[in-house]
Amino acid sequence: MMEARQEKGIDLLQGTLDLLILKAVSLGPLHGYGVLLRIQQISGEELVIQQGSLYPALYRLEHQGAIVGEWGESENNRRAKYYRLTAAGRERLGEETRKWERMAGIIGTILSSVAEGA
Amino acid sequence: MSPRLVVARVIASLRSWVRSVARRHRLEAEIEAELACHLENLTADLIHAGHPPAEAARQARLALGSVTVHKEGMRASLGLWQPCCSRAWSSRCFLASSHTIPARCWPGFCFCWRLLWPPVGFPLAAHPGCSRWRLYGTIEIEKRALRVSAVLTIR
């Protein structure tokens with residue numbers, strides 16, 4: 001299952017992981033593995049997130065005050081750290097989303113441009 | 001980014017760094033528990049997908065990759081990579097990582113210490129009134145210091 005997923009999946013663009021984590025966590029508190037699953041589920045199993053890069057990104061966002069982690073019990077009764085968005089994180093998510101949409105629009109415009117004589 | 005958000009981020013980073021340094025052992029335990037939880041969840045999912053338990057555990061470990069590297073990344077995210085301030089808090093980590101300047105200097109320091117140690121203690125132990133012993137100690141120190149400098153020059 002995992003190999004097949006990695007074969008067809010697209011690697012994440014540089015610098016977009018933080019934004020995706022913020023979005024995933026904004027939908028409800030999640031533990032690290034839950035964040036991974038939710039991003040893959042929302043992307044329709046199209047995006048491949050390197051599991052090694054997930055935790056440093058979570059810790060970075062927590063360090064910056066965008067998310068906050070609290071220890072709780074997971075579905076299998078194990079101690080797990082659940083992350084939720086803070087007010088600063090919500091603000092940052094909005095800002096980063098606007099920036100991303102603007103950038104995607106600009107790139108789209110450039111890519112759809114045609115030669116003047118054509 | 002708005003100035004208010006920048007200030008909030010700086011304050012949060014500082015607070016997080018102080019907390020991480022002050023509760024270093026607790027942080028290490030939390031990192032360990034979080035990665036273990038991830039591994040367990042991934043293994044459970046693979047078993048649920050039809051893999052035998054041993055194979056599922058193996059695949060989960062492969063998918064997660066090097067735990068040591070992840071731990072380093074998590075510590076670095078919290079600003080705990082600086083050698084002189086935070087690493088000094090935990091002497092085990094202070095000397096364990098090859099990235100820190102003290103860790104790189106440590107073998108050389110130990111080598112010099114081993115060469116110099118006996119004569120340094122010798123004149124202190126000798127009777128202060130006995131000039132012969134003191135002279136012997138001084139000569140020994142000079143001889144050993146020369147050996148150290150010669151070895152370091154060759155290196």
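In the predicted model described here, helix H3 of chain A passes helix H4 of chain A in a right-handed crossing. The two helices pack at an angle of about 120 degrees, and their axes are 10 Å apart. On the H3(A) side the contact is made by A:Gly32, A:Val35 and A:Leu36, which meet A:Gln51, A:Leu54, A:Tyr55 and A:Leu58 of H4(A). Sorted by class, this contact comprises 5 nonpolar and 2 polar residues, with no charged residues.

The surroundings of H3(A) extend beyond this one crossing. Within the helix, A:Gly32, A:Tyr33, A:Gly34, A:Val35, A:Leu36 and A:Ile39 are buried, and the buried residues of H3(A) pack against H2, S2, strand S3 (47-48), H4 and S5 of chain A, as well as against H2 of chain B. For A:Val35 in particular, when its neighbours within four places in sequence are set aside, the contacts are with A:Ile21, A:Ala24, A:Val25, A:Leu30, A:Leu54, A:Leu58 and A:Tyr83. Just after H3(A), the backbone at A:Gly44 adopts a positive phi of about 65 degrees.

Several of these residues recur in the largest nonpolar core, which has 27 residues and in which A:Ile21, A:Val25, A:Val35, A:Leu54, A:Leu58 and A:Leu61 touch the most other members. At least two residues of this core are supplied by each of helix H2 (17-26), helix H3 (32-42), helix H4 (51-63) and strand S5 (79-85) of chain A, and likewise by helix H2 (24-48) of chain B. The element that gives the most to this core is H4(A), with 6 residues.

Considered as a whole, chain A has 5 helices and 5 strands, and from the N terminus on its elements follow the order α-β-α-β-α-β-α-β-β-α. Of the 118 residues in chain A, 28% are buried. When contacts in chain A between residues at least 6 apart in sequence are considered, 53% of them join residues at least 24 apart.

Three strands of chain A form an open sheet in the order S2-S5-S4, with antiparallel pairing. Its edge strands are strand S2 (30-31) and strand S4 (67-73) of chain A, each of which pairs on one side only. Between S4(A) and S5(A), which run antiparallel, there are 7 bridges; A:Gly72 has A:Ala80 in S5(A) as its bridge partner, while A:Val68 stands opposite A:Arg84 in S5(A). These two strands, S4(A) and S5(A), form a hairpin with 5 residues between them, and A:Asn77 in the turn has a positive phi of about 55 degrees.

The organisation of chain B is described by a separate set of elements. Chain B contains 7 helices and 0 strands, so that, by the assignment of helices and strands as DSSP runs, its elements read α-α-α-α-α-α-α from the N terminus on. Of its 155 residues, 11% count as buried. Among contacts in chain B between residues at least 6 apart in sequence, 34% join residues at least 24 apart.

Within chain B, B:Ile31 lies in helix H2, an element that also supplies at least two residues of the largest nonpolar core. Because B:Ile31 has 19 C-beta neighbours inside 10 Å, this residue counts as partly exposed, a buried residue being one with 20 or more. Apart from residues up to four places away in sequence, B:Ile31 touches B:Lys71 and B:Met74. The C-alpha atoms of B:Ile31 and B:Met74 are 7.8 Å apart in space, although the two residues are 43 residues apart in sequence.

Between the two chains, 25 residues of chain A are in contact with 29 residues of chain B. On the side of chain A that touches chain B, the elements giving two or more residues are H3, H4, S5 and helix H5 (87-112) of chain A. Of these, H4(A) gives the most, with 8 residues. By class, this side of chain A has 8 nonpolar, 9 polar and 8 charged residues. Helix H4 of chain A is thus named in three settings: in the right-handed crossing with H3(A), as the element that gives the most to the largest nonpolar core, and as the element that gives the most to the side of chain A that touches chain B.

How values were computed. Residues are numbered from 1 along each chain as its sequence is written. Chains are lettered from A and ligands numbered from 1 in the order in which they are written. This is a predicted model: local features need pLDDT of at least 70, side-chain atom pairs count only at pLDDT 80 or more; totals for chains, interfaces and linings use all residues. A nonpolar core is a set of buried Ala, Val, Leu, Ile, Met, Phe, Trp, Tyr and Cys residues joined through C-beta atoms within 7 Å. A residue is buried if 20 or more other C-beta atoms lie within 10 Å of its own, exposed if 12 or fewer, and partly exposed in between; C-beta atoms are placed from the backbone. Helices (H or I, at least four residues) and strands (E, at least two) are DSSP runs, numbered from the N terminus. Two residues are in contact if their C-beta atoms, placed from the backbone, lie within 7 Å. Two strands pair if DSSP finds at least two bridges between them. Ala, Val, Leu, Ile, Met, Phe, Trp, Tyr, Cys and Pro count as nonpolar, Asp, Glu, Lys and Arg as charged, and the others, Gly among them, as polar. Axes are lines fitted to C-alpha atoms, for helices over the stretch in contact, and angles run from 0 to 180 degrees between N-to-C directions. A crossing is left-handed if the near helix is turned anticlockwise from the far one by less than a right angle, and right-handed if clockwise.
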